[in-house]
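Biologist: Could you take me through one part of this predicted model? I would like a close look at how the second chain is divided and where its parts meet.

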Amino acid sequence: MQYPAPIQELVDQLSRLPGVGPKTAQRLAFFLLNLPPGEAERLATAITTARRTIRYCSVCFNFTDVDPCALCRSGQRDDHVILVVEQPKDVVAMEKTREYRGRYHVLHGAISPMDGIGPEDLKVRELLKRLADQAVNEVILATSSSLEGEATALYLSRLLKPTGIQVTRIARGIPMGGDLDYTDEVTLLKALEGRREL
Amino acid sequence: MALLSLTARHFRNLAAEEVPLAPDITLIIGPNAQGKTNFLEALLLLLAGISLRGQSDRDLVAWGQDGYRLQGPWMGEGTDPVEKDRLVTVNPLRRRESGPRIPAVAFAPDDLLLVKGSPEGRRRFLDEVAGQIRPRYLPELRRYQRALSQRNRALKSEAAHSVVESFGPLLAEAGSYVWSVRDEVVASLCLRLPDVLGALAPVDRMEITLDRGGHAATATATDFLGELERRRGEERLRGVTLTGPHRDDLHISVNGRAADVFASQGQQRSLALALKLASRDILEEVSGRVPVVLLDDVFSELDGTRRRALLELMSRSRQQTVVTDTDREDIGDMASLRYAVEAGVLRPVAR
Ligand SMILES: [Zn+2]
């Protein structure tokens, strides 16, 4: 059976979301169609507003609505340490530890030849520029423990070797293949403490 | 010790109904492509976390569904039943399993081609045993295969050499673990083969060795990496990784000669059966549990002697056994529960 075109379009768009299969997309579509009109519109507005106002911070490339972002502008943070993560969500997870006082750099992905993602598709050049422009003592590689996260860490450690800057990798307190934001704060803190030189 | 029933949801063509199982022998009869093999596959996954013929979880989900679920109560030795549960979602791929790992051995007609067939079939055989004796093995193997795909893709594309190099240590780390466990499995099989073979084909002396893929001197990550370094130019040229477990083979010889070339078809089937029987013994010894035996349509493929050997295996230690066949009178008498399968639905049939 075919749905009317607007419903089919909604189902198709929803099924493009990560973690949403065809069945879930249908369920979500009918949930949205049964909402009071005001609520459905609020969701639509939230999506378009976020999409319009949020951009990358020109320093750390985290999502922000002001540039540079609050973390980059804060006078309370240590400029000499940069923690490198794959995704903006990883910054949120690390901030929950309330222990890390340095700066961040968001790569927006990990090296994955199968998906056609190389270093040039990540914010790597921007990281090198940051390191050239300011005095940094330590770069902490906090990419995920997925295969691609590990490969990205190895890639960066080799790339940064000539700079003489100390490069460390957070320890594996994190389950194999696990994402940073699924890991509780204590585990993350342990991982941060146990970082080692690569 | 037995799985009391199986309920499969959204798994291949199987209907979502609880199917009670006998503690000894359950027989499932039906024409091909009705769901017999799917039922055994579901059992093997739920019990041991192993898939038949190396199928990926993605391919097992019923059409148009987001995942599948297998459940059944496991009755251990003198305890209350424990619920075994395997839940898989495919977008993204996630697996959740609960309950004890139960060793299981599956026999299918393809297994009789173990000696004659492709190296891939022999690697799969090793993986089935390795995955059950070392819980870390299958996750490491998956990680290895992912590292291999990534590295091969990087070799084929114009990706910077440094990207290829970044996957090397990860490949070597997972690959050397895979090698070490495969070595262990081969050594254990060697110890048990003489006994098992004695019952099947008393005259033959059988030897097996693991031929490691590539020329690494040892199974260590260091030698693995050294080989990657040494064959760098060749790999670039050919666009594939030339060293590693993905090129392993199990070399089988009988009376000092390569079995795939020099053994008769009957001998080859005996050797294949012997390997399977030896693997069953290893699983029992390592886990302390008698493996569940799953026989998928193998009786028609065997002659009298080998059928008797298999029947003897089935009755030994009275372990739980599930047998499928297109039509078989002689096993019918041994089975406590009988089903007919049609379009994924199992219906009990009277004796
Ligand atoms: Zn920033």
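Modeller: Happy to! Chain B falls into two pieces: domain 1, made of 1-102 + 289-351, and domain 2, covering 116-287. If you take the C-alpha centres of domain 1 of chain B and domain 2 of chain B, they sit 27 Å apart. Where these two domains touch, domain 1 of chain B supplies 9 residues and domain 2 of chain B supplies 14 residues. On the side of domain 1 of chain B that touches domain 2 of chain B, the largest share comes from helix H9 (residues 304-315) of chain B, with 3 residues. As for chemistry, that side of domain 1 of chain B is made up of 6 nonpolar, 1 polar and 2 charged residues.

Now let me place this contact in the whole chain. Helix H9 of chain B belongs to a chain whose secondary structure comprises 10 helices and 15 strands. Measuring along the principal axes, you would find that the C-alpha trace of chain B spans about 65 × 50 × 40 Å. The radius of gyration of chain B is 21 Å, which agrees with a compact globule, because one of 351 residues would have a value near 20 Å. Within chain B, 44% of the 351 residues count as buried. Finally, consider the contacts in chain B with a separation of 6 or more: 71% of them join residues 24 or more positions apart. So that you can keep the two-domain picture in mind as you turn the model, remember that domain 1 of chain B is written in two segments, 1-102 and 289-351, while domain 2 of chain B runs 116-287.

Note on methods. Residues are numbered from 1 along each chain as its sequence is written. Chains are lettered from A and ligands numbered from 1 in the order in which they are written. This is a predicted model: local features need pLDDT of at least 70, side-chain atom pairs count only at pLDDT 80 or more; totals for chains, interfaces and linings use all residues. Two residues are in contact if their C-beta atoms, placed from the backbone, lie within 7 Å. Helices (H or I, at least four residues) and strands (E, at least two) are DSSP runs, numbered from the N terminus. Ala, Val, Leu, Ile, Met, Phe, Trp, Tyr, Cys and Pro count as nonpolar, Asp, Glu, Lys and Arg as charged, and the others, Gly among them, as polar. The radius of gyration is taken over C-alpha atoms; the globule rule is 2.2 Å times the number of residues to the power 0.38. A residue is buried if 20 or more other C-beta atoms lie within 10 Å of its own, exposed if 12 or fewer, and partly exposed in between; C-beta atoms are placed from the backbone.
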